[in-house]
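Walk through this fold with me, from one helix out to its partners and then across to the strands. Keep the coordinates open as you read.

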Amino acid sequence: MRVFRSNSETGWWEMVSQQPAEPLRAVVRQYVGYRENSLVAVRRREVPTGDVALIMSFGPRIDVVGGGAYGSFAAAVSDTWSDTEYIGEQYGLEVMITPLGASRLLGVPLDVLNGVVVELEDLIGTKAKRLIEHLAELPDWPSRFAVMDAVLPRWLDEGRPPTPMVEYAWQRITETQGRVSIGTLVDELGCSRRYLLTQFRSHIGVPPKSLARVLRCRHAMRLLRAGGKSIGDIAHECGYFDQSHLNRDFRLITGIVPAHIPFFQAGMPSSA
């Protein structure tokens, strides 16, 4: 378990992260418990990760800038950034889960979410409400994480498993960090581009090319933060045509230019 805390004149925040139990790690990335309070407006840039975020809120709703206010919700796979904003309190649990796991857990094709934010209760009904109420009553984060370790395997077992073709395509895109071409996938799978696109969107929520772009960008972000390489070298290593291609994708996916990445902390609070 990792704990991060910060205090200032205008507020405080705490984040506690932990990996799920071993049987869940193929589909659940991590749990993040958060609690924060601010006297001033806080805006947070959320950049795509290629995964689905499930937010289980124990406090007030949060504003998705330009998209409304939400309590407990699922944030689908997307290929562009969004901003959230709050003032006062935020308190809840975030579950980062692969799209294949989210499709099973939520019991719906992910393309129906269309890259947007949807309230959890609208997706999975009263069992979401009951779980969130139970989590809110528990005394600490280890207790909440333990409940998730017990509940999520049952929910996953109730869902539809992905087709082998989609699982293979997702795995290849993930393991190559977005560098495998769609033409290569079609050849390896022996199917048409149209069929791959339809099946992939149903289980992942976006076309394979969009997911590949996001994962390629994420890999470049990690290299930029590590330092020691020029942006041009990173563009080549990550499979971009050139530095201009990297710059263009970064603006579309993160809303900033690559040169700002080493100083940018996605998902961390900052004054609006």
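Which residue just after α1 takes a positive phi? Gly 107 does, with a phi of about 75°. Bear in mind that this is a predicted model.

Start with α1 itself. The helix spans residues 99–106 and is mostly covered. Of its 8 residues, 7 are buried. They are Pro 99, Leu 100, Gly 101, Ala 102, Ser 103, Leu 105 and Leu 106.

One neighbour of α1 is helix α7, residues 193–204. Two packed helices are described by the angle between their axes and the distance between the axes. Here the axes come within 8 Å and cross at roughly 70°. An angle from 65 to 115 degrees counts as roughly perpendicular. So α1 and α7 are roughly perpendicular to each other. On the α1 side, Pro 99, Leu 100 and Ser 103 make the contact. On the α7 side, the residues are Ser 202, His 203 and Ile 204. By class, this contact has 3 nonpolar and 3 polar residues, and no charged ones.

Now follow α7 to another partner, α5. These two pack at an angle of about 80°, with their axes 9 Å apart. The pair α5 and α7 is therefore roughly perpendicular too. From α5 come Met 165, Val 166, Ala 169, Trp 170 and Ile 173. They meet Tyr 195, Leu 196, Gln 199, Phe 200, His 203 and Ile 204 of α7. What classes do the residues of the contact of α5 with α7 divide into? There are 9 nonpolar, 2 polar and no charged residues. Note that His 203 and Ile 204 of α7 take part in the contact with α1 and also in the contact with α5.

Helix α5 covers residues 164–175, and it has a further contact, with helix α8, residues 208–226. Their axes come within 9 Å and cross at roughly 25°. The cut-off for roughly parallel is under 35 degrees. Hence α5 and α8 are therefore roughly parallel to each other. The crossing is right-handed. Trp 170, Ile 173 and Thr 174 of α5 make this contact with Pro 208, Leu 211, Ala 212 and Leu 215 of α8. The residues divide into 6 nonpolar, 1 polar and no charged. Trp 170 and Ile 173 serve in the contact with α8, and both also meet α7.

The loop between α5 and α6 (182–189) holds Gln 177. What is the sign of phi at Gln 177? The phi is positive, about 55°, although Gln 177 is not a glycine. Most residues other than glycine have a negative phi. Is Gln 177 buried or partly exposed? With 28% relative accessibility, Gln 177 counts as partly exposed.

For a sense of scale, take Ala 150 in helix α4, residues 141–158. Ala 150 counts as partly exposed, because its relative accessibility is 40%. Pro 208 is 58 residues away from Ala 150 in sequence. In space, the two are 32 Å apart, C-alpha to C-alpha.

Turn to the strands. Strand β1, residues 2–8, pairs with β2 in the antiparallel sense over 7 bridges. A hairpin joins β1 to β2 through 2 residues. To place the register, find Arg 5: its bridge partner in β2 is Glu 14.

Strand β2, residues 11–18, also contains Ser 17. Is Ser 17 buried or exposed? Its relative accessible area is 11%, so Ser 17 is buried. Setting aside residues up to four places away in sequence, Ser 17 touches Met 1, Arg 2, Phe 4, Gln 30, Tyr 31 and Val 32.

Val 32 leads on to strand β8, where its bridge partner is Glu 94. Strand β3, residues 28–46, runs antiparallel to β8, residues 82–97, and 15 bridges join them. Strand β4, residues 52–57, is joined to β8 by 6 bridges, again antiparallel. There, Val 52 has Ile 97 as its bridge partner. Strand β5, residues 62–64, pairs with β8 over 2 bridges, in the antiparallel sense. In that pairing, Val 64 stands opposite Thr 84.

Note on methods: Residues are numbered from 1 along each chain as its sequence is written. This is a predicted model: local features need pLDDT of at least 70, side-chain atom pairs count only at pLDDT 80 or more; totals for chains, interfaces and linings use all residues. Side-chain values use heavy atoms; hydrogens and water are left out. Axes are lines fitted to C-alpha atoms, for helices over the stretch in contact, and angles run from 0 to 180 degrees between N-to-C directions. Helices (H or I, at least four residues) and strands (E, at least two) are DSSP runs, numbered from the N terminus. Angles under 35 degrees count as roughly parallel, over 145 as roughly antiparallel, 65 to 115 as roughly perpendicular and the rest as oblique. A crossing is left-handed if the near helix is turned anticlockwise from the far one by less than a right angle, and right-handed if clockwise. Contact means heavy atoms within 4.5 Å. Ala, Val, Leu, Ile, Met, Phe, Trp, Tyr, Cys and Pro count as nonpolar, Asp, Glu, Lys and Arg as charged, and the others, Gly among them, as polar. Two strands pair if DSSP finds at least two bridges between them. Buried means under 20% relative accessible area, exposed over 50%, partly exposed in between (1.4 Å probe, protein chains only).
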